[in-house]
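Me: Please take a close look at one part of this protein, the nonpolar patch on its surface, and then set it beside a buried residue and a sheet elsewhere in the chain.

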Amino acid sequence: MRRIAALLAVLALAAAEASLMGFEESVWEQPPYFDDATVREVTAAAGYPAMLRCRVRNIGDRAVSWIRRRDLHILAIGIMTYTNDPRFQAEHSEGSDDWTLRIRAARPADSGVYECQISIDPKISLGIHLNVVASQARILGSREVFVRGGSDVNLTCVVEAAPAPIELHWARNGRPLDFSRRGGVSVLTERRVRTSQLLMSRVSTRDAGNYSCFPLGNSATDAASVLVHVIKDENSAAMQHESSAPPSEAHNVALLATVVVIVSQSVAR
C-alpha cells in the first residue's frame with residue numbers, strides 16, 4: 001500500500017509539473033501587447049526630468065526599443081542607450097512590465113512623439129507624446145519699487161503654466177543672490193503652489209538694484225524682474241541738505257556788520 005501511495009504521489013507531481021509547463025507554454029504563445037494603462041500624453045517642466053513609461057504584457061525575452069519619431073533615432077534597446085546625449089536613459093526592473101525612458105533636465109526642444117516598440121514580426125509600437133513646458137515667472141506688483149532706507153522689503157514671485165512643483169531662483173543685477181554677504185535676507189518657497197518670497201530687512205542704498213526671479217531650467221534673460229530704489233531717511237537727508245546749503249543772506253549781513261565795527265574801531269584809535 002505504501003508503494004502504491006508513493007507511486008500515486010509521483011504521478012500527481014508529474015501531472016502538476018506537466019500542467020504548469022503547459023500553462024507557461026500557453027502564456028509564451030500569447031503575443032505581447034501594450035497595456036491600456038500606458039499614459040500616452042506626458043507634460044513636463046523644462047529643467048526637470050521627463051518620464052515616459054511603456055507597459056508591455058507577455059514580453060518574454062523580447063526587447064523593447066525607444067525611438068524618437070521626428071528623426072527615427074533609436075534612443076534605447078532594452079536598457080542599453082544609443083545616443084550621445086547623456087540626458088537620455090532607459091530603465092527597467094527585472095520582472096516588471098514597465099519600460100521607462102528618462103530624460104534628465106528636459107528641454108522644450110525635446111517635445112514630440114516617442115515610440116515604444118516591441119521587436120516581433122511584424123513590429124508593433126505605441127506612440128507617447130511629450131510636451132515640455134518652459135514656465136513663466138511673474139513678480140507681483142509694480143515693475144519699480146521705492147522704499148525708504150531702514151524699512152523691510154517683500155518681493156513675491158509666482159510661476160504660471162507650471163506642470164509640476166518647481167524650484168525658483170533669485171538674482172540681483174544678473175547675479176545669483178549671495179546671502180552670506182548680508183544678514184536679514186531669507187527666501188520662502190512653496191514649490192507646490194509655485195511661489196517664492198524674497199524678504200529683506202532694514203534695507204539700505206546698497207540693496208538697491210534689479211531683482212529677478214526665474215524657474216530652474218529657464219535662463220536668467222527670461223526672468224521676471226523688478227527695479228528696487230532705496231531712498232535715504234528724511235532726517236539724514238535734511239541734515240545733509242542743511243550742511244551743504246550756501247550761507248543765507250542774514251548771515252552775510254551779520255558778517256558785513258562785524259567787519260564794519262572792526263574797521264571803525266581801528267580808525268578811532
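Reply: In this predicted model, Ile-74, Ile-77, Ile-79, Met-80 and Tyr-82 make a nonpolar surface patch of about 480 Å². Of these residues, Tyr-82 can be placed in the loop between β6 (80-81) and β7 (88-91). Its relative accessible area is 44%, and because buried means under 20% and exposed over 50%, Tyr-82 counts as partly exposed.

Arg-68, which lies in strand β4 (residues 64-68), has a relative accessibility of 13% and therefore counts as buried. Leaving aside residues up to four places away in sequence, Arg-68 is in contact with His-73, Leu-75, Phe-88, Val-113 and Tyr-114.

Turning to the sheet, four strands in the order β11-β13-β17-β16 form an open sheet with antiparallel pairing. The edges are taken by β11 (136-139) and β16 (185-190), and since each of them has a single partner strand, one side of each is left without a neighbour in the sheet. From one strand to the next, the twist averages 20°. At one of these edges, β11 pairs with strand β13 (residues 153-160) in the antiparallel sense over four bridges, and Ala-137 stands opposite Val-159 in β13. As a general point, the strands of a sheet pair through backbone hydrogen bonds, in either a parallel or an antiparallel way.

Definitions and conventions
Residues are numbered from 1 along each chain as its sequence is written. This is a predicted model: local features need pLDDT of at least 70, side-chain atom pairs count only at pLDDT 80 or more; totals for chains, interfaces and linings use all residues. Side-chain values use heavy atoms; hydrogens and water are left out. Two strands pair if DSSP finds at least two bridges between them. Helices (H or I, at least four residues) and strands (E, at least two) are DSSP runs, numbered from the N terminus. Axes are lines fitted to C-alpha atoms, for helices over the stretch in contact, and angles run from 0 to 180 degrees between N-to-C directions. Buried means under 20% relative accessible area, exposed over 50%, partly exposed in between (1.4 Å probe, protein chains only). Contact means heavy atoms within 4.5 Å. Patches are made of residues with over 30% relative accessible area and no salt bridge: like charges are joined within 9 Å, nonpolar side chains (Val, Leu, Ile, Met, Phe, Trp, Tyr) within 5 Å. Accessible areas come from the Shrake-Rupley method with a 1.4 Å probe; for residues, only the protein chains shown count as cover. A salt bridge is a side-chain nitrogen of Lys or Arg within 4 Å of a carboxyl oxygen of Asp or Glu.
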